[in-house]
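I wanted to get to know this structure by looking up a few things in turn: what is enclosed, how the strands pair, and which charged side chains meet. These are my notes.

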Amino acid sequence: IGTVREINRVGEIPPVPRTPEFVKGVMNLRGKIIPVTNLRVRFGMPSQEYTRDTCIIVIDTDAGQVGMIVDAVKE
């Protein structure tokens, strides 16, 4: 929880060629391009359509910021 930078709604995510299936693409976060992964696919679960509750959690890592698509966030 300490590494969470912000939570955003899912928007335009341009794909990146020749990346693993779980890498959805990249997003522009205030001028910074960050990779976005789909955690459902990463953990071997079937992907599903995005809903109103689907969002992107942006976290800070040693390698930089990463966005993760999740089904929902509570509090």
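**Entry 1: an enclosed strand.** Before starting I noted that a residue counts as buried when its relative accessible area is under 20%. I also noted that the model is a predicted one. With that cut-off I looked up strand β4, and I found that five of its seven residues are buried, so β4 is largely enclosed by the rest of the structure.

**Entry 2: the partners of β4.** Which strands does β4 pair with, and how many bridges join it to β5? On one side of my list is β1, residues 4–9, which is joined to β4 by five bridges and runs antiparallel to it. As a point of reference in this pairing I wrote down Glu6, which stands opposite Val58 in β4. The other entry is β5, where seven bridges make the connection to β4, and these two strands also run antiparallel. Here I picked out Ile57, which has Met68 in β5 opposite it. I then checked what separates β4 and β5 along the chain, and found a hairpin with two residues between the strands.

**Entry 3: the nonpolar cores.** Next I asked which residues make up the largest nonpolar core. There are eight of them, namely Ile13, Met27, Leu29, Ile34, Val36, Ile56, Val58 and Ile69. Looking at where they come from, I saw that β2 (23–29), β3 (32–38) and β4 (55–61) each supply at least two residues of this core. There is also a second, separate core of seven residues, and Leu39, Cys55, Ile59 and Val70 are among them. Beside this I copied a general remark, that in soluble globular proteins nonpolar side chains tend to be buried together.

I followed one member of the largest core, Ile69, through its contacts, leaving aside residues up to four places away in sequence. Its list includes Ile13, Val36 and Ile56, and it also includes Lys24, Thr37, Asn38 and Tyr50. Leu39 and Cys55, which I had already noted in the second core, are likewise touched by Ile69.

**Entry 4: nonpolar side chains at the surface.** I then looked for nonpolar residues on the outside, and found a surface patch formed by Val4, Ile7 and Val73, which together have about 210 Å² of accessible area. Val73 is placed in the segment after β5 (64–70), and with 34% relative accessibility this residue counts as partly exposed.

**Entry 5: salt bridges.** How many salt bridges are there? The count comes to three, and I went through them one by one.

Arg5 pairs with Asp60, with the closest N and O atoms 3.6 Å apart. Because Arg5 lies in strand β1 and Asp60 in strand β4, this pair ties together parts that are 55 residues apart in sequence. Asp60 is partly exposed, at 31% relative accessibility.

Arg30 pairs with Glu6, and here the closest N and O atoms are 2.4 Å apart. Arg30 belongs to the loop between β2 and β3 while Glu6 belongs to strand β1, so parts 24 residues apart in sequence are tied together. Are the two partners buried or exposed? Arg30 counts as exposed at 65% relative accessibility, whereas Glu6 is buried, with a relative accessible area of 17%.

Arg40 and Asp71 meet through their side chains at 3.1 Å, N to O. This pair links distant parts of the chain, since Arg40 sits in helix α1 (residues 39–42) and Asp71 in the segment after β5, 31 residues apart. Arg40 is buried at 16% relative accessibility, while Asp71, at 34%, is partly exposed.

**Entry 6: two single residues.** Pro35 has its place in strand β3, and with 35% relative accessibility it counts as partly exposed. Although Pro35 and Val66 are 31 residues apart in sequence, their C-alpha atoms are 5.5 Å apart in space. Leaving aside residues up to four places away in sequence, Pro35 touches Gly25, Val26, Gln65, Val66 and Gly67.

Finally I looked up Glu49, which lies in the loop between α1 and β4. Glu49 is exposed, with a relative accessible area of 70%. Its C-alpha atom is separated by 23 Å from that of Leu29, and the two residues are 20 residues apart along the chain.

Conventions. Residues numbered from 1 in each chain as written. Predicted model: local features only at pLDDT ≥ 70, side-chain atom pairs only at ≥ 80, totals over all residues. Heavy atoms only, no water. Core = buried A, V, L, I, M, F, W, Y, C linked by side-chain atoms within 4.5 Å. Buried < 20%, exposed > 50% of the residue type's maximum accessible area, 1.4 Å probe, protein only. Helix = DSSP H or I, 4+ residues; strand = E, 2+ residues; numbered from the N terminus. Contact = heavy atoms within 4.5 Å. Patch = residues over 30% accessible without salt bridge, like charges linked within 9 Å, V, L, I, M, F, W, Y side chains within 5 Å. Areas by Shrake-Rupley, 256 points an atom, 1.4 Å probe, with all protein chains shown as cover. Salt bridge = Lys/Arg side-chain N within 4 Å of Asp/Glu carboxyl O. Pairing = 2+ DSSP bridges.
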